Amino acid sequence: MSFESLRTQLNEAATAFSDGPGALEGILLGMVDDVDRAVREPLEIFPVCHHSPASAVAMARRLRDKQPKVIYLELCEDMAPLLTELRNCRLPVAVQAFSSEVDGFPADWAPLSVVAPITEASAEYQAIAYALDTPGVELVLVDRSSDHVFQWQPPETKASAEDALHGDAVGVEIGDLRPRFAELEEHLLHHGKVRHWSEWWHQYVELPLGDSDHDTYRQVMFLIGSLFRRLAPGDPHRVRVDEDRERYMWTRMREHLAASGADPAECLYVCGAFHAASRVAEFGVEGTDGFVISPRSATKWQHGLIPSSHAAIEAQFGLAPGSVSIAATEWAKNLKRTKVKPFQLAGQAGGKKARKQPALPGPVAEPTTADQLSGFLQRPPVLDRLDEAELLGWSVEIVRAARRNGYLASTADAIAVFETSILLAGMRDRARPTPYDFQDAAVTCIEKDVVPGRRDVRRLVEIMMGGDRIGQVGYDALPPLARDVHDRLAPLNLKLQQRGVQRALLDITSQPELEACSNLLWMLRYLLPHASARPIMGERKLGERPIQESWDLALGTHQRSLIELGYEGVSVEQVVEQRLRRSAYDPQATTATVLEAVEDAIRYLHSPRLAGELGTRALEVLSGERTVDGAPEVLKRSRRLLAYYRTNEPVLPQWIESFVRTGYAHYCTLLPTAFTEEEAGVDQVAAMLGFLFSMESLALSLGCDRTQLELAVAQSHPEEPSKVALLWAAQVHLGRLSRAELRARCDELLSNPLSLPSYPRYLSGFVHALDPVPSLVDFVVETMSNAFAHLPDPLLLPWLPSLISTLRSRGAQFVPLLVKEAGRLFPGRLPALDEWVPPWLDEPAPVAVRTRTGQGLALLAAHPETCDAVAALLGCEGSWQAAPGGVALLNRYPDTAVALEALMS
Amino acid sequence: MSDLLRAPAELKYAEELDWLESVDDNPKPFSWRLSPKMIRLFVLGAERSDGLEREIAQKWFGDRSIVERAIVTLASDRGLLLIGDPGTGKSWLAELLAAAISRNSTQVVQGTAGTTEDHIKYSWNVSMVIAKGQSRESMIPSPIMNAMESGTIGRFEELTRSTSDVQDALISILSEKYISVPELDHDNIVFAKPGFSVIATANSRDRGVNDLSSALKRRFNFVRIPVVTNKKSEAEIVRFRTEELLRRHQIELDVPPTLLDVLLRSFADLRAASAAAGSDDEKLESALSTAEQIGVLEDAILHSNFFGSRELTARTLGSSLVGSLSRRAPEDLAIMNKYLHGVVEPRGKDEGGLWPEFLAGGRDTIATLS
């Protein structure tokens, strides 16, 4: 076979179009050379393009004819073991290589993830299905490993949508074939009168190649690959990576051929058309062996299958929306038309009922290959005939879909869409409207000024043409952790593999076995994105047992996250433990975060061992801390933990005792600086005091010394008014300041015009002091009332917002306390207000002036009958005694009693 | 130069249309003067690869599929409604299409609040009615009726500005394709000839003023014309329109590309700011369309030609930008002020170039206006 005639023709063309043979000739003839070289290669190269039904059909046909013994596939070599699991999945799914522990790459690249989506309408699936289900056929993946993907190309950081099925993985694809520079693509689109690349491909490659024989298919694909390669190599770095990949693949193939002794004539190499036109020295069975494959890094890679979808594939590889779905529809149609029997993995989930595959008839004898290109290039483009029935079906269907979505569409619209599609296709030089023409026509005729529902006509056409198909990873292909989760949630009797949200009701009192499910769900809640497991009713607090819970579960929708969790460990408990350890031993961890991990360990794992270990870690972190920023959080959490241990454990664990002891000493030491430092806010100081006062009894019983606290308070000399107020409150608590003195100090502040403006800040200090010294609540109400009573408006009004915000932020604790106290102090009804005197203004009633005892006593003694009668009536018995003489003395000499009273009060 | 201030498209491009008609051998629907493909060529311009012997300039800038959909609609039995923000080139596209299809783009009804049914059907020449009675001679046909009789394209500008009873009169014209004249005893129906269709335009900002009834909506295919945000094509449009303008005013003046870039970038900034604004007070009243951009440039050109040194400077451009876009006294001025000081000033410091001068011009005008 030779391409001589084609060469001559192209040479003439080059001379005709440019002024002389030059660059153009070089390109044109170079392309023929590339094709020639690829065709001559003894190891048959099968060029493909991704998501091309024509490629898939040609592949299926070729596999039946040739029945190769070895198939080399352009796919990361480390993904090979997973491919047999594809039969357990509903396509499209993606093969994923994932690593969260990077070694040899910058740490901030983690987690690394590579995905290779596989759809049913693809040539690679045909090859995989053939190779795996035909005895004696070997499938060898030859492309660089996932590790090399990152060795050669650092990941680009790009924001990905939250619900993207592939997450932010790097996508790899078999048969990437697209112009590498924008101008060429723009040019092709413009002259092809199409809108985007997928449409161009469909129109100018897919359709003409649809029914062509193997040789034509192969040569045309080689030519296109070579065209893009020669015309527009694009970014030099990318070219280098591509060439390295080709070297890699050929090196691996030669290695395999040498090791297995396979005959190259019985092998098939499936790769993108772009790589088939390679000019690297390593190309071919006879290529040079100079390429050294660099060793993989020490990064540990995990492999799995994750669900994918047409939309996710389109988004990842920059294809037009709907194009993969349209390719799938085309594939189904092509199969029907060409009667090619596709290969399908036995037992493929979601596929047609697998019939017993009959043994393949023997391979067909090879005809000699001839130059098919010249003929193909000279033929006018094959025009697809108008398929009236199909177009009518589409038109009727879209009108029905539009009506369902709120459009006022009628049969008249169906007619208009039909007519407009044909007219549009005619304007674009084709007899048969493509799905894209039809889409334009439908938008023109049905879309009006507003979209009535959720979807517009464009989207409806996409859905109609196949819509997005979302794959699903079958149970057997899931990692052990995910299978374990599904097993353990089985008592819920829900189909959790399905997509969508499902409501789980757990009545744990009547079905105690569901408690294990509840525990698991809470762990999943901790580990997975929140939408995958969302509690509707029920909460998990320290030491509480669940009674009834209801959950919204969407594990099927978030299958990828669950599968990626499976890369971290074999059970959920293990992963939770790892995560908790990681957060506790993080160099940035603070006492508060470690205590949170302790709480989580108790809440989710019920593990005293882990809680103890993390608690000891909290102790370490606390003693190393030099700031008090986290004090409020530490106080909150340590209080909660103490309360939990007190109620649930017979004795306090060792670590929390040490924690209280260390914390007491630690905060005592830091107190004087915290009072004076500007960085420490009043919140933090209040929390420190809270820790010191509320844990005091426990700390003292564990051997701490109160003098330390007293000294610390005595050493504190704050200047900031709110902290001064806190200090006063602390002094009151320690008994170094009486209420009367405190009141006097506040009154002085109010009466001094110079200190008046800072009064509100004192007050906010007092509000904060409610936490450590709750007994001051009546005093806080008093100072607050005073503020409202005495502060001038220009001072009072600007302060009010800050008061409200303070109360709001700390409100949960203080407001009920303050309201209760205020309710007690203030009159409850309006009329009572007029006579109301605030208790603090109500001078303590002067000690009753001792008056002479009333005259009544003498009368009683003189006339005892009355008293006796009353006593008899009441049933009291008794007799009269003579009054003690002392009383008379006392009456006569009251001075003694008065002197005694003065002495005692 | 023609002695018309603004020649309609069919006159302006008469020679081009004649030539296209002479080489057009594609099938033509109805009585169309050009085939759909040639119309597309006429509107979007030709390239070498189209195999024509002469150059056809691009006249309307936008997505090709919009033009195709519009042409195809006119070949079907529905009317075409071009809908979009003000200044996106709806009317211009309508004019070009009408000129290319029927060589007459002047059969226009302007929709206003005062448009009556007579304007789209027919009215009477009162003195002739008195003299001769009601007859076809004493009838004054509307542009739409003329279009029906001649089988050409009638245009209806700003359809949503006219009241709903007027809009409803269109329904029967579009579906029955005839107008009956009950005042006459015989010859009282005017039938539309093949080739008749209506191109209406509607402003999407006016939605809700006089909403179209669903019966009328059904008789129109809606083609939405988006605001051009692609910088390259916008630059193209501005250059195209400005050249035309300069020719019309016989002004010889150079618009330096850097100055055009300043204009385009400032509009892009203002659009981004408008998109991000929370309330109406924070965004300019102007729609910031391409037409508005041309308006600013036109203003600057005329100003520098007649009052300035016959040379377009960034200062003049800055001043006309502020002048043209500030419509509401405090709000728009405040936004422009914020823009000049927040964006242009730092940019002038960083990049230099024409920006400082542009800033100075804008600042002066703000000072004058406020």
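Which residue of S11(A) does Met537(A) stand opposite? In this predicted model, the partner of Met537(A) is Ser550(A), and the pair belongs to a stretch in which S10(A) and strand S11 of chain A, residues 548-553, run antiparallel and are joined by four bridges. These two strands are part of an open sheet of three strands in chain A, ordered S9-S11-S10 with antiparallel pairing. At its edges are strand S9 (502-507) and strand S10 (533-537) of chain A, each of which pairs on one side only, and neighbouring strands of the sheet are turned against each other by 25 degrees on average, direction ignored. Across S9, S10 and S11 of chain A lies helix H19 (residues 514-527), which runs at about 120 degrees to S10(A).

From this sheet we turn to the contact between the two chains, to which chain B contributes 22 residues and chain A 15 residues. On the side of chain B that touches chain A, the elements giving two or more residues are helix H3 (36-44), helix H4 (64-75), helix H10 (214-218) and strand S9 (220-225) of chain B. Of these, H4(B) gives the most, with seven residues, and by class this side of chain B is made up of seven nonpolar, seven polar and eight charged residues.

Chain B also holds helix H5 (residues 90-102), whose 13 residues should span 18 Å at 1.5 Å a residue, and the end C-alpha atoms are indeed 18 Å apart, which agrees. Eleven of the 13 residues of H5(B) are buried, so the helix is largely enclosed by the rest of the structure; among them are Lys90(B), Glu95(B) and Ser102(B), as well as Leu93(B), Leu96(B), Leu97(B) and Ile101(B).

Some backbone details deserve separate attention. Most residues other than glycine have a negative phi, and most peptide bonds are trans. Just after H5(B), however, Arg103(B) takes a positive phi of about 55 degrees, in the loop between H5 and strand S2 (108-110) of chain B; with 19 C-beta neighbours inside 10 Å, this arginine counts as partly exposed. In chain A, His606(A) likewise has a positive phi, near 50 degrees, and is found in the loop between helix H22 (591-605) and helix H23 (608-624). His606(A) is exposed, because 11 other C-beta atoms lie within 10 Å. A cis peptide bond, with omega about 0 degrees, joins Leu91(A) and Pro92(A), and Pro92(A) is found in the loop between strand S2 (70-76) and strand S3 (93-99) of chain A.

Terms used: Residues are numbered from 1 along each chain as its sequence is written. Chains are lettered from A and ligands numbered from 1 in the order in which they are written. This is a predicted model: local features need pLDDT of at least 70, side-chain atom pairs count only at pLDDT 80 or more; totals for chains, interfaces and linings use all residues. The expected span of a helix is 1.5 Å times one less than its number of residues. A residue is buried if 20 or more other C-beta atoms lie within 10 Å of its own, exposed if 12 or fewer, and partly exposed in between; C-beta atoms are placed from the backbone. Two strands pair if DSSP finds at least two bridges between them. Axes are lines fitted to C-alpha atoms, for helices over the stretch in contact, and angles run from 0 to 180 degrees between N-to-C directions. Two residues are in contact if their C-beta atoms, placed from the backbone, lie within 7 Å. Ala, Val, Leu, Ile, Met, Phe, Trp, Tyr, Cys and Pro count as nonpolar, Asp, Glu, Lys and Arg as charged, and the others, Gly among them, as polar.
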